[in-house]
Amino acid sequence: MIVTLIIACEVGFWVLLVAGLALRYLARMPRLGAAVLLCEPLMELVLLVVTTLDLKNGAEPDWKHGLAALYIGYTVAYGHYTVKWLDGHAGYRLAGGPKPPGAGYGKARAVHEWKLWIRTVVGAAVALGLLQAAIWYVGEAGDVSSLKAWQYGALRAVGIHALIAATYTIWPKKAPVPQSLQCSGQSN
């Protein structure tokens with residue numbers, strides 16, 4: 001049941017996102033669109049409550065509970081960012097708004113990547129907290145090895161993302177050479 005609910009939350013996130021943006025930009029109902037977008041955190045709250053009730057009712061902690069914790073952590077850290085990013089692009093494409101700035105190149109791109117890493121740290125911290133609360137809740141009565149494995153997985157994700165961000169710092173992404181400069185450079 002938990003896996004089905006996680007899938008439903010993910011599908012629901014995107015359905016609410018598309019519906020909210022469609023109401024905002026296509027139907028020209030920005031307040032209703034914003035209200036629909038504000039319903040998204042309710043799904044994660046439902047997932048948290050159902051996961052807690054599942055453990056309370058004696059379910060053996062396993063990978064599903066760990067996945068739920070990571071999903072909630074990810075949504076806390078990246079949910080608003082994703083909505084804001086897509087809202088900017090929808091405003092540009094559908095309403096003639098300004099083009100959203102990209103991640104950039106060089107130092108600006110490295111800073112962007114480190115900001116994303118901080119989001120990953122926040123998501124992992126939320127997941128670690130939820131997993132630790134579940135471990136304490138279950139106590140010595142149950143096998144919590146699966147929940148501990150998810151904690152290590154969250155920490156690995158933070159480490160891997162740090163390596164990715166570091167590569168943008170060490171080897172900064174360079175801006176592409178404009179086509180006009182490429183052609184003139186080749187003719188010399």
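In which helix is the place of leucine 53? In this predicted model, leucine 53 is found in helix H3. Leucine 53 counts as partly exposed, because its relative accessibility is 43%, a value between the limits of 20% for buried and 50% for exposed residues. Along the chain, leucine 53 and tyrosine 78 are 25 residues apart, and their C-alpha atoms are separated by 25 Å.

Helix H3, which spans residues 40-56, also takes part in the largest nonpolar core of the structure. This core has 17 residues, and those with the most contacts inside it are Ile6, Cys9, Phe13, Leu17, Leu21, Leu47 and Tyr71. At least two residues of the core come from each of H1, H3 and H4. The greatest contribution is that of H1, with eight residues. The surroundings of cysteine 9 illustrate the arrangement: when neighbours within four places in sequence are left aside, cysteine 9 is in contact with Met43, Glu44, Leu47 and Tyr71. Another core, of eight residues, lies apart from this one, and Leu131, Ile135, Val138 and Leu147 are among its members.

The packing of the helices is considered next. Two packed helices are described by the angle between their axes and the distance between the axes. For H3 and H5, the angle is about 20° and the axes are 11 Å apart. H3 and H5 are therefore roughly parallel to each other, since angles under 35 degrees are placed in that class. The crossing of H3 past H5 is right-handed. On the H3 side, the residues that meet H5 are Leu48, Leu55 and Lys56, and their partners in H5 are Leu130, Ala134, Tyr137 and Val138.

A second pair of packed helices is formed by H4 and H6, with an angle of about 35° and axes 8 Å apart. H4 likewise passes H6 in a right-handed crossing. From H4, the residues Trp63, His65, Gly66, Leu67, Leu70 and Tyr78 take part, and they meet Ser146, Leu147, Trp150, Ala154 and His161 of H6.

Charged residues provide a further set of contacts. Side chains of opposite charge can pair when their charged atoms come close. The structure holds three salt bridges. One of them joins the side chains of arginine 24 and aspartate 87, with an N to O distance of 3.4 Å. Arginine 24 belongs to helix H1 (residues 2-26) and aspartate 87 to helix H4 (residues 63-95), so this salt bridge ties together parts that are 63 residues apart in sequence. Arginine 24 counts as partly exposed because its relative accessibility is 26%. Aspartate 87, by contrast, has a relative accessible area of 17% and is therefore buried.

Another salt bridge is formed by aspartate 62 and lysine 64, whose closest N and O atoms are 3.2 Å apart. Lysine 64 has a relative accessibility of 26% and so counts as partly exposed.

In the salt bridge between glutamate 113 and arginine 109, the closest N and O atoms are 2.8 Å apart. Both residues lie in helix H5, where four residues, or about one turn of the helix, separate glutamate 113 from arginine 109. Glutamate 113 and arginine 109 are both buried. For glutamate 113, this classification follows because its relative accessibility is 7%, whereas the limit for a buried residue is under 20%. Helix H5 itself covers residues 106-138. Beyond residues up to four places away in sequence, glutamate 113 touches His161, Ala165 and Tyr168.

Helix H6, at residues 145-170, includes isoleucine 160. With a relative accessibility of 51%, isoleucine 160 counts as exposed, because the exposed class begins over 50%. Isoleucine 160 and tryptophan 117 are 43 residues apart along the chain, and 9.5 Å separates their C-alpha atoms.

Finally, arginine 28 is placed in the loop between H1 and helix H2, the latter covering residues 30-38. The phi angle of arginine 28 is near 55°, a positive value in a residue other than glycine. Arginine 28 is exposed, because its relative accessible area is 59%.

Key: Residues numbered from 1 in each chain as written. Predicted model: local features only at pLDDT ≥ 70, side-chain atom pairs only at ≥ 80, totals over all residues. Heavy atoms only, no water. Buried < 20%, exposed > 50% of the residue type's maximum accessible area, 1.4 Å probe, protein only. Contact = heavy atoms within 4.5 Å. Salt bridge = Lys/Arg side-chain N within 4 Å of Asp/Glu carboxyl O. Core = buried A, V, L, I, M, F, W, Y, C linked by side-chain atoms within 4.5 Å. Axes fitted to C-alpha atoms, helices over the stretch in contact; angles between N-to-C directions. Parallel < 35°, antiparallel > 145°, perpendicular 65-115°, else oblique. Left-handed = near helix turned anticlockwise from the far one by under 90°.
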